[in-house]
Amino acid sequence: MKNLYNKLQSKEEKLAVIGLGYVGMPLAVAFSKKVDTIGFDVNEEKIQIYRQGIDPTKEVGDWEIRNCAVDFDLSALQKRAYQRI
């Protein structure tokens, strides 16, 4: 049986970062370099800005946001949550 770490590495599971502010967004960008990462924030306006490749926090930079592999699609998070129930 694989543990969660191995499932993340083999892309059988995704990591979710909840809250994409000054701490969450840099974490999501860093994690997305190694594992499939879903980014979520309750502020839909912030998500739209990230989808445009803009970093409103200025913590990571626009280039990093545009070129990261963070999935900002809420349905990806919902799908994973419902599979756990």
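**Sheet, helices and one ring pair**

Trainee: For what percentage of the contacts in the chain with a separation of 6 or more do residues 24 or more positions apart account?

Mentor: The model is predicted, with local features requiring pLDDT of at least 70 and side-chain atom pairs pLDDT 80 or more, whereas totals for chains, interfaces and linings use all residues. Residues are numbered from 1 along each chain as its sequence is written, and side-chain values use heavy atoms, without hydrogens and water. A contact requires heavy atoms within 4.5 Å. Among contacts with a separation of 6 or more, the share from residues 24 or more positions apart is 50%.

Trainee: Which pattern does the chain follow along the sequence?

Mentor: Helices (H or I, at least four residues) and strands (E, at least two) are DSSP runs numbered from the N terminus. The chain contains 5 helices and 3 strands. Read along the sequence, their pattern is α-β-α-β-α-α-β-α.

Trainee: Which strands stand at the edges of the sheet?

Mentor: Two strands pair if DSSP finds at least two bridges between them. The 3 strands form an open sheet in the order 1-2-3, with parallel pairing. Each edge strand has a single partner strand, so one side of it is left without a neighbour in the sheet; these are strand 1 (15-18) and strand 3 (70-71).

Trainee: Which residue in strand 3 stands opposite T37?

Mentor: Strand 2 (residues 37-40) pairs with strand 1 over 4 bridges and with strand 3 over 2 bridges. Towards strand 1, I38 is the bridge partner of A16. Towards strand 3, T37 stands opposite V70.

Trainee: Which side chains of strand 1 are buried?

Mentor: Buried means under 20% relative accessible area, exposed over 50%, and partly exposed in between, with a 1.4 Å probe and protein chains only. Side chains alternate along strand 1, where A16 and I18 point to one face and are not buried. Pointing to the other face, and buried, are L15 and V17.

Trainee: At about what angle to strand 1 does helix 2 run?

Mentor: Axes are lines fitted to C-alpha atoms, for helices over the stretch in contact, with angles from 0 to 180 degrees between N-to-C directions. Helix 2 (residues 24-32) lies across strand 1, strand 2 and strand 3. Its angle to strand 1 is about 165°.

Trainee: Why is the pair of Y50 and F72 stacked?

Mentor: Rings of Phe, Tyr and Trp (its six-membered ring) pair if their centres lie within 6.5 Å; planes under 30 degrees apart count as stacked, over 60 as edge-to-face and the rest as tilted. Y50 and F72 are both buried. Their ring centres lie 5.7 Å apart, and the pair is stacked because the planes stand at 10°.
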